[in-house]
Structures are given as C-alpha cells and as structure tokens.
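I open this notebook to keep track of what I looked up, beginning with the sheet and going on to the empty spaces.

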Amino acid sequence: RAVDFYHHWKEDIADMAEMGFTTFRFGTCWSRIFPTGLEDDPNQEGLDFYEAVVDELNAHGIAPLITICHDEMPMGLVDAYNGWGGRETIDCYVRYAKALFERLGDKVPLWLTFNEPNAIRGVCMMGIKDQCWPTYWQAIHHIAVASSKVVKLGHEMCPGAKFSTMFAMSAYYPASPRPADVWARYERRREQYMIIDAMAGGGYPNFAEKVWHDFGADVQMEPGDEELLATYPLDFVSFSYYCSALIGEDSPYRLIGGATNTYCDEKTPWSWAIDPLGLRHTLNELYDRYHKPLFVIENGMGAIDQMEEDGSVHDQYRIEYLSKHLGAIQDAICIDHVDCIGYTMWGNIDLVSRSTGEMAKRYGFIYVDMDDKGNGTLRRSRKDSFYWFKKACESNGADLTT
C-alpha cells in the first residue's frame, strides 16, 4: 500500500500545484502495463490510470516527467530471462515503452528510460538471480542498448520530447592526498562514467575493457550495438545527489558508495554527509565531460520528522538543507555557466525509503500518517518546508532565505 498515491493522486497533485511545481517526476510500473512482461498487449486499466494522472498534471500546468523503469520488473521476465541478464528482455522493455508512447506520448515532454542503472543490483531491481558482477555488467549493456532503442522510438513517436536516464552521482573525494587514494577515487568515478558514457556520450570509453576485466566480466555485444549507442544517445544527463563520500585505496565499495565524509560537519540521522558544495562540484564535473543539459532529478534529506498535536511539522533542518543545495545550483548556473535545466526534490510527499525500507526516514514537504509497520490513516499534513518551498517557487528561486 505504501502511501497509496493510487487513491490520493488528485489531492497530491493539488498540493504540488499550490506549491508552484512546474514539473512532477513519477515512475510508471511495468507490471501494471504488462503484468508478466511477456504479454503482447498492454493492460488498458493501467494505462487509463497513468493517463488520468498525466491529464491532471497538465490541467494544473505541471509538466509530467516519467521514469519508464524505476528499479522494478515483472516477475515473469525474471523467471523467463534472468531479468536484464537476458538479452530477450530488451524487446519486452521496448514493447512496454511503445505502449506508453502510444497513449501518453503527446502529453509528456520529458522521459527517463531508467533510474540509477549505476546503483541497482539484484533480483528486485534488475531481475538478476545470481547477482554476480559479470552478469551485472552484461545486464548493464542490455540496459544501455534498450535505452538507445527507446530513445530512437521516442523521437519517432513523440516529436519534441526529450529523453534521459537518471544516474546516482554522489560527490566522491579521495580519503587522503596519498596518490593511491587519489587514484582509487578516480577509478571509482570512471566506473560510473563509463555507464553514462555508453548511454549519453555515444559509446563506451577507452577504459571500459579494464573495468570489465577488473570485475571479471566478458561483456558480449551483437553487431550494431555500438552503432546504436553512438546514434541514439540521451538528450540530457540527469542525476541524483544526496551527499558526498570518501574513497580510499582500501575501500570495500564497488561502483557506488563510499565512507562517510568526515570533513562535513553536518550529517543526516542516517550518516549521509550534508555537502551542498559537492552538488556544485558534481554539476561542473558532469557538464565538463558531456556538454549536455543537466537535470537534478533527486535531492533531499531523509530525517525523523515529529508531528505536533496541532498537525504541524517543524522541519527547519530540511529547509536549511534545501536552501543550501538550491543555492549551489544557482552558483553552478550563474557563476560556472553550467546548463542546468531543472530540479525535482525527493520526494514531495513522504514515502517508503528504498534504501532502508522505512517510513521513519522521511523526505517530503508533506507528512503522511503511516509508520514502518504499515499502520496509519494516510492523512496528508503540510510541513514548514511546504510553505518555504512555495515561497522559493513564487520567487523563481530568488528568495532562498530560511
């Protein structure tokens, strides 16, 4: 049930409109459209629901931004093809995207083909049963090919629409000035870059073979794959940013993650370093490399919010976090001349945290009465940050005072 957007979407969209949202990012659920992923025809009831949501957004002047695949997959594809481990899943995904474009293509200006492919692992997110690194990298190649196929199809079916993929991009710093730590950080960042390179930069970089070798992977391609990646890259680069981390020679992390940045004085209750300058750094890093418009798709602060007896929630800590991070984006745009075209906060209403499976880890402008056990009325209540963000929107970001 989670926070039951399915039965509260009109109320939630009205709240977004009151705050001044000009876009809302949400994900369609693959299994709502193709329950097993193997059907020839889509489930019309699922498409009806999403069309109603899209129409309501447009009626309020809020541009829909749809993530086609957000860390989920029909179980039928897991059983039949080992999820993205099997190349057959590509055609199933293209069929799913085509059904969305046919119904919603003239109503949705922005699409994300995938969510954080550089951070997803395992059965739930990729459908991979064995969860080994060689299969992961083969699956990533299948995802990259699928993305390019859908970008091609989307440009044909949805003239004027723009396409991206959202990548996880915490700021990474060397754990120390030791050359070995600096090199370790550089290598970790390149592991992320090569996925973005493949999907947005026109193909795999020169160091791809080394990365695959380091992970024990032997990625198999079919004729035409590299030409497809080169011809149909993403139109813009979008990413999530929450914190910064330290990477050292002895870091146990692979691909994503790192040690808590001890050089940041402030941290969330989940020990994520609060580092707004790291967001400016990341924006510049990405723009220097890709020279494409950027979109900050996820940014926010998971915190333990306390509702008062009168229904209010005083989340000044979230206001401070957002003010500093929006200010960092302003600096990147106005001082560094980075082409950042948008920002969507994670998430506008409280929701179950993917990383920890908790309701207690709250992100929203709107408090939802629900606990970690699924108990609650689902009643929506506005936090102080709701009114602060409304003021920020009304000033088009000119007033970020806290």
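I began with a single bridge and found that glycine 27 has threonine 67 in strand 2 as its bridge partner. I noted that the model is a predicted one, and then looked up the pairing around that bridge: strand 1 and strand 2 run parallel and are joined by 5 bridges.

Next I asked how many of the residues of strand 2 are buried. I found that 4 of the 5 residues of strand 2, which spans residues 63-67, are buried, so the strand is largely enclosed by the rest of the structure. I then followed strand 2 to strand 3, to which it is joined in parallel by 3 bridges, and I wrote down that isoleucine 66 stands opposite tryptophan 111 in strand 3.

I then looked up the sheet as a whole, which is open and has 7 strands in the order 1-2-3-4-6-9-10, paired in parallel. At its edges I found strand 1 (23-27) and strand 10, each with a single partner strand, so that one side of each is left without a neighbour in the sheet. For the turn between neighbouring strands of this sheet I noted an average of 25 degrees, with direction ignored.

Further along the order I checked strand 4 (residues 162-168) and strand 6 (residues 237-240), which pair in the parallel sense over 3 bridges; here phenylalanine 167 stands opposite phenylalanine 239 in strand 6. I also recorded that helix 7 (residues 133-157) packs on the sheet, where it touches strand 3 (110-115) and strand 4, and that its direction makes about 165 degrees with that of strand 3.

Turning to enclosed space, I found 1 cavity of 30 Å³ or more in the structure, and the volume of the largest cavity is about 40 Å³. Among the residues that line the largest cavity I noted Trp84, Phe114, Asn115 and Ile143, and I saw that its lining divides into 6 nonpolar residues, 1 polar and 1 charged.

My last entry concerns the second largest pocket, which holds about 640 Å³ of space. This pocket is lined by 23 residues, of which Leu326, Gly342, Tyr343, Phe389 and Asn396 are the closest to its centre. I asked which elements give two or more residues to its lining, and the list I found is helix 12 (316-334), strand 10 (340-343) and helix 13 (384-394). Helix 12 gives the most, with 5 residues. By class, I recorded 15 nonpolar and 8 polar residues in the lining of the second largest pocket, and no charged ones.

Technical notes:
Residues numbered from 1 in each chain as written. Predicted model: local features only at pLDDT ≥ 70, side-chain atom pairs only at ≥ 80, totals over all residues. Heavy atoms only, no water. 1 Å grid on protein atoms, 1.4 Å probe; cavity = no way out; pocket = protein on both sides within 12 Å on 5 of 7 lines; lining within 4 Å. Points joined across faces, edges and corners; volume = space filled by probe spheres on them. Nonpolar A, V, L, I, M, F, W, Y, C, P; charged D, E, K, R; others polar. Pairing = 2+ DSSP bridges. Axes fitted to C-alpha atoms, helices over the stretch in contact; angles between N-to-C directions. Contact = heavy atoms within 4.5 Å. Buried < 20%, exposed > 50% of the residue type's maximum accessible area, 1.4 Å probe, protein only.
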